[in-house]
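Here are my notes for a colleague at the bench, set out as numbered points. Please read them with the sequence and the coordinates side by side.

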Amino acid sequence: MPGSSAKPTVRELAYRAAQATKTCPKDVLGRSRYAMHVVPRWAAMLAAHRGGASYAHIGRQFGRDHTTVMHAVRCGAQRAETDPEFGRMVESLSTRENCHG
């Protein structure tokens, strides 16, 4: 809904991260350890955590343990500090304007 202030779901964030990096959402949500899949996964997890989702909830959506999510959020936050493009992507994931079907 245009103008909606509803927060995106964890899955929506994963799909947006995949779209932003031109990769498959299945790979972002999956088990792949390739950087092209891990980096958008970190971005989605970090955006979800910043949006108020718990580590446990994020983990359930990605099929992972909460400690894995904690690690991803920590790595994503560090990368956002050193990689401005990644930081902008994380910020853009949570805004509805940047979600194109």
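1. Where does Thr23 lie? In this predicted model, Thr23 is found in the loop that runs between α1 and α2. Thr23 counts as buried because its relative accessible area is 13%, which falls under the 20% cut-off for that class. Setting aside neighbours within four places in sequence, Thr23 is in contact with Ala18, Val28, Met36, His37 and Pro40. For one of these, Met36, the C-alpha atom is separated from that of Thr23 by 7.5 Å, with the two residues 13 apart along the chain. Also in this region, just after α1, Lys22 takes a positive phi of about 55°.

2. As for the overall fold, the protein chain comes to six helices and zero strands, so that, given how helices and strands are assigned, the order of elements from the N terminus on reads α-α-α-α-α-α. Of the 101 residues in the protein chain, 39% are buried. Among contacts between residues at least 6 apart in sequence, 60% join residues at least 24 apart.

3. The segment before α1 deserves a separate look, since Pro8 has its place there and is buried, with a relative accessible area of 15%. The C-alpha atom of Pro8 is separated by 6.4 Å from that of Ser94, although the two residues are 86 apart along the chain.

4. Helix α1 spans residues 10-20 and helix α3 spans residues 35-50; the two pack at an angle of about 145°, with their axes 8 Å apart, and α1 passes α3 in a right-handed crossing. On the α1 side the meeting residues are Val10, Leu13, Ala14, Ala17 and Ala18, and on the α3 side they are Pro40, Ala44, Ala47 and Ala48. By class, the residues of this contact divide into nine nonpolar, no polar and no charged.

5. The buried residues of α1 are Val10, Leu13, Ala14, Arg16, Ala17 and Ala18, a list in which a reader may wish to note Arg16. The partners against which the buried residues of α1 pack are α2 (25-29), α3, α4 (55-62) and α6 (84-93).

6. A second helix pair is formed by α3 and α4, which pack at an angle of about 145° with their axes 10 Å apart, and here too the crossing, of α3 past α4, is right-handed. The contact is made by Arg41, Ala44, Met45, Ala48 and His49 of α3 together with Tyr55, Ile58 and Phe62 of α4. Its residues divide into six nonpolar, one polar and one charged. Ala44 and Ala48 of α3 take part in this contact and also in the one with α1.

7. Which residues line the largest pocket? The lining consists of Arg31, Ser32, Arg33, Val38, Arg41, Trp42, Met45, Arg64, Thr68, His71 and Ala72, around a space of about 230 Å³. The elements that give two or more residues to this lining are α3 and α5 (66-82), and α3 gives the most, with four residues. In contrast to the contact of α1 with α3, where no charged residue is counted, the pocket lining divides into four nonpolar, three polar and four charged residues. Arg41 and Met45 appear both in this lining and in the contact of α3 with α4.

Notes. Residues are numbered from 1 along each chain as its sequence is written. This is a predicted model: local features need pLDDT of at least 70, side-chain atom pairs count only at pLDDT 80 or more; totals for chains, interfaces and linings use all residues. Side-chain values use heavy atoms; hydrogens and water are left out. Axes are lines fitted to C-alpha atoms, for helices over the stretch in contact, and angles run from 0 to 180 degrees between N-to-C directions. A crossing is left-handed if the near helix is turned anticlockwise from the far one by less than a right angle, and right-handed if clockwise. Contact means heavy atoms within 4.5 Å. Ala, Val, Leu, Ile, Met, Phe, Trp, Tyr, Cys and Pro count as nonpolar, Asp, Glu, Lys and Arg as charged, and the others, Gly among them, as polar. Buried means under 20% relative accessible area, exposed over 50%, partly exposed in between (1.4 Å probe, protein chains only). On a 1 Å grid over the protein atoms alone, a cavity is a set of points where a 1.4 Å probe fits but cannot get out, and a pocket is an open set with protein on both sides within 12 Å along at least five of seven lines; lining residues have an atom within 4 Å of a point. Grid points are joined across faces, edges and corners, and a volume is the space filled by probe spheres set on the points.
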